[in-house]
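Student: I'd like to go through this protein with you, one question at a time. Can we start now?

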Amino acid sequence: MQQIILFFIRKRNFFVFLLLFSFSIFLIIKDNYYPQSRYINSANAISGSLYNFSSYWAQYFDLRGQNTLLSEENKQLRSKIFALENQLKQSTLADSLLFFDANQYKVYTANVIKNSFLRKKNYLTIDKGEEEGVKQDMGVISPKGIVGIVENTSGQFATVQSVLNIKSSLNAMVKRTGHFGSLKWNGQELNIVQLVDIPNIAPIQKGDTIVTGGMSSIFPKGIPVGRIMNITRSQMDNSFVVDIKLFTDMSNVDFIYIIENKDKEEISNLESQNPNE
């Protein structure tokens with residue numbers, strides 16, 4: 001401490017000069033507008049340069065963090081895009097399912113309250129019945145494709161024979177070629193059904209879309225069914241046995257549509273007049 005005091009005593013003339021010089025500069029700037037403005041501008045320029053310099057290097061050293069944030073934002077945006085694309089596809093498909101002739105078809109909505117899918121003969125129970133106009137042999141679809149056919153009804157409920165039922169047999173066709181066959185289930189794999197009676201001269205291929213054929217009074221023509229996974233030749237006749245992956249996940253069916261063909265009774269009465277073969 002004594003050394004510091006002695007240093008200031010030895011250099012007292014220099015410090016007195018520095019103090020008086022600083023005071024005189026202050027008086028000049030204080031009483032004169034031009035030097036004052038020059039000082040302020042110079043100070044602003046220096047401080048601005050310092051801020052710019054520090055900001056540049058701060059951003060440079062923070063590039064890793066910025067890249068991480070941008071990558072995370074990019075991932076979230078891509079997820080939102082994929083989600084919107086899937087919603088658009090599903091809504092478009094759902095709209096196409098309901099694009100029926102209102103003069104011929106009426107559509108009801110219902111919820112599935114019970115669903116079996118691991119048995120040989122699977123059924124669904126829905127929360128709409130005769131009081132809402134649901135009748136036997138009405139077609140049942142989901143927003144993605146076919147589900148089954150109404151089998152029994154009560155006042156407020158109905159049971160649906162699932163497409164995953166070995167008794168089920170529906171008319172279906174290959175959308176691209178127009179070849180018809182019968183859609184059945186061999187009772188083996190979940191969500192994999194078989195299209196039989198397709199002639200082996202039909203130019204079908206894996207990936208082809210299968211839709212309802214419209215040859216019955218239950219389903220309108222063109223309801224999505226599924227996509228061809230595998231094609232084999234039948235050992236019984238000159239036809240193909242085609243494995244179809246259903247568009248509807250039958251283990252996860254919640255909301256369904258019931259289709260009523262208003263002309264069904266008239267068609268059935270007319271066909272009943274045909275002589276037995």
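Student: In what order do the 6 strands that include S6 close into a barrel?

Tutor: Keep in mind that we're looking at a predicted model. In this barrel the pairing is antiparallel, and the twist averages 40 degrees from one strand to the next. Going round, the order is S6-S7-S8-S11-S10-S9.

Student: How many bridges join S8 to strand S11?

Tutor: Let's take S8 with its partners on both sides. Strand S7, residues 180-184, runs antiparallel to S8 and is joined to it by 3 bridges, with lysine 184 partnering glutamine 194. Strand S11, residues 239-246, also runs antiparallel to S8, and there isoleucine 192 has lysine 245 as its bridge partner. The number of bridges between S8 and S11 is 6.

Student: How many of the residues of S8 are buried?

Tutor: To count as buried, a residue needs a relative accessible area under 20%. Strand S8 covers residues 192-199 and is mostly covered. Of its 8 residues, the buried ones number 6.

Student: Which residue in S10 is the bridge partner of threonine 209?

Tutor: Start with the two strands: S9 spans residues 209-212 and S10 spans residues 224-233. They run antiparallel and are joined by 3 bridges. Across from threonine 209, the partner in S10 is arginine 227.

Student: What is the strand order in the closed barrel that contains S1?

Tutor: This barrel has 6 strands with antiparallel pairing. From one strand to the next, the twist averages 45 degrees. The order is S1-S2-S5-S4-S3-S12.

Student: Which residue in S2 stands opposite asparagine 115?

Tutor: Strand S1 is residues 105-115 and strand S2 is residues 121-126. The two pair in the antiparallel sense over 3 bridges. Opposite asparagine 115 you'll find leucine 124.

Student: Why is strand S5 described as largely enclosed by the rest of the structure?

Tutor: S5 covers residues 158-165, and we just count how many fall under the 20% cut-off for buried. It is largely enclosed because, of its 8 residues, the number buried is 7.

Student: How many residues lie between S4 and S5 in their hairpin?

Tutor: First, the partners of S5. S2 pairs with S5 in the antiparallel sense over 5 bridges, and threonine 125 stands opposite threonine 159 there. Strand S4, residues 146-153, also pairs with S5 in the antiparallel sense over 5 bridges, with valine 150 partnering valine 160. As for the hairpin of S4 and S5, the number of residues between them is 4.

Student: Is lysine 135 buried, partly exposed or exposed?

Tutor: Lysine 135 sits in the loop between S2 and strand S3. Leaving aside neighbours within four places in sequence, lysine 135 is in contact with Val150, Thr153 and Glu260. Its relative accessibility is 48%, and the middle class runs from 20% to 50%. So lysine 135 counts as partly exposed.

Student: What separates the C-alpha atoms of lysine 135 and isoleucine 258?

Tutor: Along the chain these two are 123 residues apart. In space, though, their C-alpha atoms are separated by 9.6 Å.

Student: How many residues are in the largest nonpolar core?

Tutor: Among the residues with the most contacts inside this core are Ile146, Val163 and Leu195. Not counting residues up to four places away in sequence, isoleucine 146 touches several residues, including Val163, Leu183, Phe219 and Met250. The core's residue count is 44.

Student: Are the rings of phenylalanine 255 and tyrosine 257 stacked or edge-to-face?

Tutor: The count of aromatic pairs comes to 1. The ring centres of phenylalanine 255 and tyrosine 257 are 5.2 Å apart, with the planes at 85 degrees. Planes over 60 degrees apart count as edge-to-face, so this pair is edge-to-face.

Student: Which of those residues is buried, phenylalanine 255 or tyrosine 257?

Tutor: Remember that buried means under 20% relative accessible area. Phenylalanine 255 has 33%, so it is partly exposed. At 11%, the buried residue is tyrosine 257.

Student: What share of the 277 residues in the protein is buried?

Tutor: The secondary structure comes to 5 helices and 12 strands. The protein exposes about 18800 Å², with carbon and sulfur atoms supplying 55% of that. Of the 277 residues, the buried share is 29%.

Conventions: Residues numbered from 1 in each chain as written. Predicted model: local features only at pLDDT ≥ 70, side-chain atom pairs only at ≥ 80, totals over all residues. Heavy atoms only, no water. Buried < 20%, exposed > 50% of the residue type's maximum accessible area, 1.4 Å probe, protein only. Areas by Shrake-Rupley, 256 points an atom, 1.4 Å probe, with all protein chains shown as cover. Core = buried A, V, L, I, M, F, W, Y, C linked by side-chain atoms within 4.5 Å. Contact = heavy atoms within 4.5 Å. Pairing = 2+ DSSP bridges. Axes fitted to C-alpha atoms, helices over the stretch in contact; angles between N-to-C directions. Phe/Tyr/Trp six-rings, centres within 6.5 Å; stacked < 30°, edge-to-face > 60°.
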